[in-house]
Number of protein chains: 2
Amino acid sequence: MNTKKQLQSADLRLAKMLKALGNPVRFQIMQFLAERQTCITNEIVQNTLLAQSTVSQHLKVLREAGLIHGEIEGPATCYCINAEGVQWLKEQIARWLPECCSNSQPLDFYLERYAKK
Amino acid sequence: MNTKKQLQSADLRLAKMLKALGNPVRFQIMQFLAERQTCITNEIVQNTLLAQSTVSQHLKVLREAGLIHGEIEGPATCYCINAEGVQWLKEQIARWLPECCSNSQPLDFYLERYAKK
DNA sequence: ACCTTATATCGTAATTATACGATATAAGGT
DNA sequence: ACCTTATATCGTATAATTACGATATAAGGT
């Protein structure tokens with residue numbers, strides 16, 4: 001991060017999310033969580049060939065990036081997609097680099113018109 | 001990548017792009033390139049505090065992820081955003097995890113209606 | 001031919017990420 | 001109290017990333 005122009009805090013949040021999603025295991029955990037809507041750590045572990053501790057570490061990264069939400073429920077932890085975070089990410093990407101893509105005007109138009117907030 | 005269900009090739013392409021963008025230096029290079037439309041390596045180097053070789057390495061990652069496009073022009077290399085690649089990424093993200101986000105239906109609707117291809 | 005400018009690549013050091021097993025914690029059942 | 005189940009965290013090994021300087025390549029000007 002030795003850059004001349006510093007990234008804005010929104011860009012930092014975005015960079016953190018992108019970095020979290022850049023790992024195929026974490027990307028797949030997101031897909032799995034989206035399918036199941038909600039599930040406990042152990043179900044996620046069983047969907048992979050990785051050790052429980054490894055998956056727990058990946059879940060921490062996703063949590064800290066604001067992409068998932070976990071709450072302790074009895075002896076287990078129940079995870080689900082952080083819809084607000086994912087929505088924010090999707091809007092940021094949709095708005096991103098509008099000047100380089102042919103159909104970015106209508107996308108921006110859509111966002112101003114229909115996106116909440 | 002020890003996952004039970006393997007990622008599809010589109011997902012792999014997406015994961016590669018997200019990983020490339022997950023680095024703040026590379027993210028910023030994309031922003032810079034989008035502003036300038038087109039520029040040579042040295043202009044990008046001068047926008048950072050990094051060594052020329054380091055920037056060249058980052059450009060290689062972005063190139064291999066299909067996010068930028070570089071062509072040799074005399075003694076220099078002229079870089080620009082790979083509009084097709086960025087557009088593809090934006091569409092993938094817009095379509096991603098539709099079941100978890102409230103306003104994903106209108107976004108998908110937009111994409112089917114206006115997005116080329 | 002030689003020098004300058006612009007890049008890419010190589011070798012390498014330092015840092016960060018990824019993975020595992022072992023251990024700690026916490027809740028629920030016997 | 002004890003055992004099981006479910007997780008998180010710690011310690012640590014290995015692999016990947018990031019960074020630099022040095023070197024190679026290639027084009028253009030003198």
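In the predicted model, 61% of the atoms of DNA strand D that lie within 4 Å of the protein belong to sugar or phosphate, and the rest belong to bases. Around this strand there are 21 residues, of which Ile40(A), Asn42(A), Tyr79(A), Lys19(B) and His58(B) come nearest, a residue being counted as near a molecule or strand if one of its heavy atoms lies within 4 Å of it. By class, the surface near DNA strand D has seven nonpolar, twelve polar and two charged residues, where Ala, Val, Leu, Ile, Met, Phe, Trp, Tyr, Cys and Pro count as nonpolar, Asp, Glu, Lys and Arg as charged, and the others, Gly among them, as polar. As the model is predicted, local features need pLDDT of at least 70 and side-chain atom pairs count only at pLDDT 80 or more, while totals for chains, interfaces and linings use all residues; side-chain values use heavy atoms, with hydrogens and water left out. Residues are numbered from 1 along each chain as its sequence is written, and chains are lettered from A and ligands numbered from 1 in the order in which they are written.

Polar contacts (pairs of N or O atoms within 3.5 Å; within protein, one must be able to donate a hydrogen and the other to accept it, and residues adjacent in sequence count only if both atoms are side-chain atoms) reach DNA strand D from both protein chains. From chain B, an N or O atom in the side chain of Arg26(B) is 3.0 Å from a phosphate oxygen of DNA strand D, and a polar backbone atom of Ala51(B) is 2.8 Å from a phosphate oxygen of that strand. From chain A, a polar side-chain atom of Thr77(A) lies 3.2 Å from a sugar or linking oxygen of DNA strand D. The elements giving two or more residues to the surface near DNA strand D are α3 (41–46), α4 (52–64) and β3 of chain A, together with α4 (52–64) of chain B; helices (H or I, at least four residues) and strands (E, at least two) are DSSP runs, numbered from the N terminus. With four residues, α4(B) gives the most to this surface.

For DNA strand C, 60% of the atoms within 4 Å of the protein belong to sugar or phosphate and the rest to bases. Of the 22 residues around DNA strand C, those that come nearest are Asn23(A), Ala51(A), His58(A), Ile40(B) and Asn42(B), and the surface near this strand has eight nonpolar, twelve polar and two charged residues. Phosphate oxygens of DNA strand C are approached by side-chain N or O atoms of Lys19(A) at 2.8 Å, of Ser56(B) at 2.9 Å and of Tyr79(B) at 2.8 Å. Two or more residues each are given to the surface near DNA strand C by α4 of chain A and by α3 (41–46), α4 and β3 (76–81) of chain B, with α4(A) providing the largest share, four residues.

In chain B, three strands form an open sheet in the order β1-β3-β2, with antiparallel pairing; two strands pair if DSSP finds at least two bridges between them. The edge strands of this sheet are β1 (38–40) and β2 (68–73) of chain B, each of which pairs on one side only, and neighbouring strands are turned by 30° against each other on average, direction ignored. Axes are lines fitted to C-alpha atoms, for helices over the stretch in contact, and angles run from 0 to 180 degrees between N-to-C directions. Helix α4(B) packs on the sheet, touching β2 and β3 of chain B, and its direction makes about 120° with that of β2(B), contact meaning heavy atoms within 4.5 Å. The antiparallel pairing of β2(B) and β3(B) runs over six bridges, with Gly70(B) opposite Tyr79(B) and Glu73(B) partnered by Ala76(B), whereas β1(B) and β3(B) pair over three bridges, Tyr79(B) being the bridge partner of Cys39(B). Two residues separate the strands in the hairpin of β2(B) and β3(B), where Gly74(B) takes a positive phi near 65°.

In chain A, strands β2 (residues 68–73) and β3 (residues 76–81) pair in the antiparallel sense over six bridges, and Glu71(A) stands opposite Cys78(A). These strands form a hairpin with two residues between them, and Gly74(A) in the turn has a positive phi of about 65°.

Chain A averages a pLDDT (the predictor's confidence in each residue, from 0 to 100) of 84, and 78% of the residues score at least 70. Among the elements of chain A, the highest mean pLDDT is that of α4(A), 98, and the lowest that of helix α6 (residues 104–114), 49. Over residues 102–107 of chain A the pLDDT is below 50, and this stretch has 13 contacts in the model beyond near neighbours in sequence.
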